[in-house]
Amino acid sequence: MKLIASSYYQRFRCIAGKCRHSCCKGWEIDIDPVSLERFKRLGVGSISEEGTPHFILREGDVCPHLRSDGLCQLICDHGEDVLCDICRDHPRFRNFWTGFAEVGLGLSCEEAAGIILSEKEPLRLVRIGLCDEDGVQISAGLGQDGGLSDVEGGGPAFDPAESEPDFPEDEAWLWELRESMLLKAVMMKDPVAARLYEYLVFRHLADALYDGRLEGRIGFIEHAFETVTGLWSGSPDQSFEALAGIARHWSEETEYNEEKKDALIERFESSAHTSV
Ligand code: SF4
């Protein structure tokens, strides 16, 4: 499958020990079966196999392998390839369409939030390679039909209307709807607000293909935008770092809280249906 990403996606690198809001704290860390076997072979400790295998967090919900200098002891001992899927993948999210997958960066990661919100240009999606059915990149470049890897994010914008002859009608319709929503960001005077809105649309709309909650997702996107920009307006510190920090915190508290996010989507979905 083709892998499509925002043009800034490949600039992301985890800042590990320099991260002030490490994703190694405050989250449950489930371990996939292949990694579990690897961890067993290597004698990695602090794993519970009760229910879904996971790391047994230390006090304060901290990963047992996070060192006091912010580095991961597992990476230090065995290299990056040792990581389980969830650790290797964070903060990425994916959207799946017929014939291609999209990958983006999540706002709850402070490094990703800085990259997303500081982007000067409107969101541009480019092809960065090929991926497997889970959306994990397996090669860079343009695949069998040739071409160079778009490592700088400078390639032509991806348009399924031109490159996907079998793009289903319902997906083409949703793609067009998303394009029209993204135009709203182009009209915004504040580039940071524009990048936030684009992020929310890119991240949350496409899943309507799978859950059918289109109105709920649009309601959630608009609500999230109003909430974060409202928090920005009330902030005494208007520096970029402060605004990115507010957005990151909202993301961690609401967007990455599946229960909270689902309840909001459900609320907007129901109110759209009762008002018809
Ligand atoms: S939040 Fe982002 S930058 Fe920080 S440790 Fe996690 S992936 Fe790295």
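This report walks through a predicted model, from its domains and sheet to its ligand shell, loops and helices.

Residue numbers start from 1 along each chain as its sequence is written. Because the model is predicted, local features need pLDDT of at least 70 and side-chain atom pairs count only at pLDDT 80 or more, while totals for chains, interfaces and linings use all residues.

**Domains**

The chain is assigned domain 1 (2-13 + 90-274) and domain 2 (24-86); such bounds come from an automatic or database domain assignment. Taken over C-alpha atoms, the centres of domain 1 and domain 2 are separated by 28 Å.

**The sheet**

Let us turn to the strands. Helices (H or I, at least four residues) and strands (E, at least two) are DSSP runs, numbered from the N terminus, and two strands pair if DSSP finds at least two bridges between them. An open sheet of five strands runs in the order 4-5-1-6-7, with mixed pairing. Strand 4 and strand 7 (137-140) are at the edges with a single partner strand each, so one side of each has no neighbour in the sheet. From one strand to the next, the twist averages 40 degrees, where axes are lines fitted to C-alpha atoms (for helices over the stretch in contact) and angles run from 0 to 180 degrees between N-to-C directions.

Strand 4 (residues 92-97) has two faces: Phe-93, Asn-95 and Trp-97 are on the covered one, and Arg-92, Arg-94 and Phe-96 on the uncovered one. Its pairing with strand 5 (residues 100-105) is antiparallel, over six bridges. Across these bridges, Arg-94 has Val-103 as its partner in strand 5, and Phe-93 has Gly-104. Two residues lie between the strands in this hairpin, and Gly-99 takes a positive phi near 95 degrees there.

Towards the other edge, strand 6 (residues 125-131) pairs with strand 7, also in the antiparallel sense, over three bridges. Cys-131 is opposite Gln-137 in strand 7. The hairpin of strand 6 and strand 7 has five residues between the strands, and Gly-135 has a positive phi near 80 degrees in it.

**The ligand shell**

Which residues are around the ligand? They are Cys-14, Ile-15, Ala-16, Cys-19, His-21, Ser-22, Cys-23, His-90, Pro-91, Cys-109, Glu-110 and Glu-111, a residue being near a molecule if its C-beta atom, placed from the backbone, lies within 6 Å of it. The shell divides into seven nonpolar, three polar and two charged residues. In this scheme Ala, Val, Leu, Ile, Met, Phe, Trp, Tyr, Cys and Pro are nonpolar, Asp, Glu, Lys and Arg are charged, and the others, Gly among them, are polar.

Two members of this shell, His-90 and Pro-91, are joined by a cis peptide bond with omega about 10 degrees. Pro-91 sits in the loop between helix 3 (85-89) and strand 4.

**Loops with positive phi**

Ala-16, also around the ligand, has a positive phi though it is not a glycine, and so does Ser-46. Here are both residues together.

| Residue | Phi | Loop | Other C-beta atoms within 10 Å |
|---|---|---|---|
| Ala-16 | near 45 degrees | strand 1 (2-6) to helix 1 (33-42) | 15 C-beta atoms |
| Ser-46 | near 60 degrees | helix 1 to strand 2 (47-48) | 13 C-beta atoms |

A residue is buried if 20 or more other C-beta atoms (placed from the backbone) lie within 10 Å of its own, exposed if 12 or fewer, and partly exposed in between. Ala-16 therefore counts as partly exposed, as does Ser-46.

**Helices and a buried loop residue**

In helix 10 (residues 240-255), the buried residues are Leu-243, Ala-244, Ala-247, Arg-248, Trp-250, Ser-251, Glu-252 and Glu-255. They pack against helix 4 (110-118), helix 7 (191-204), helix 9 (214-233) and helix 11 (258-274).

Ser-180 belongs to helix 6 (residues 169-186). Is Ser-180 buried or exposed? It is exposed, because 10 other C-beta atoms lie within 10 Å. Its C-alpha atom is 24 Å from that of Ala-247, 67 residues apart along the chain.

Leu-205 is in the loop between helix 7 and helix 8 (208-211), and it counts as buried because it has 21 C-beta neighbours inside 10 Å. Leaving aside neighbours within four places in sequence, Leu-205 contacts Arg-178, Met-181, Arg-217 and Ile-221; contact means C-beta atoms, placed from the backbone, within 7 Å. The C-alpha atoms of Leu-205 and Gly-135 are 17 Å apart, with 70 residues separating them along the chain.

Notes:
Two residues are in contact if their C-beta atoms, placed from the backbone, lie within 7 Å.
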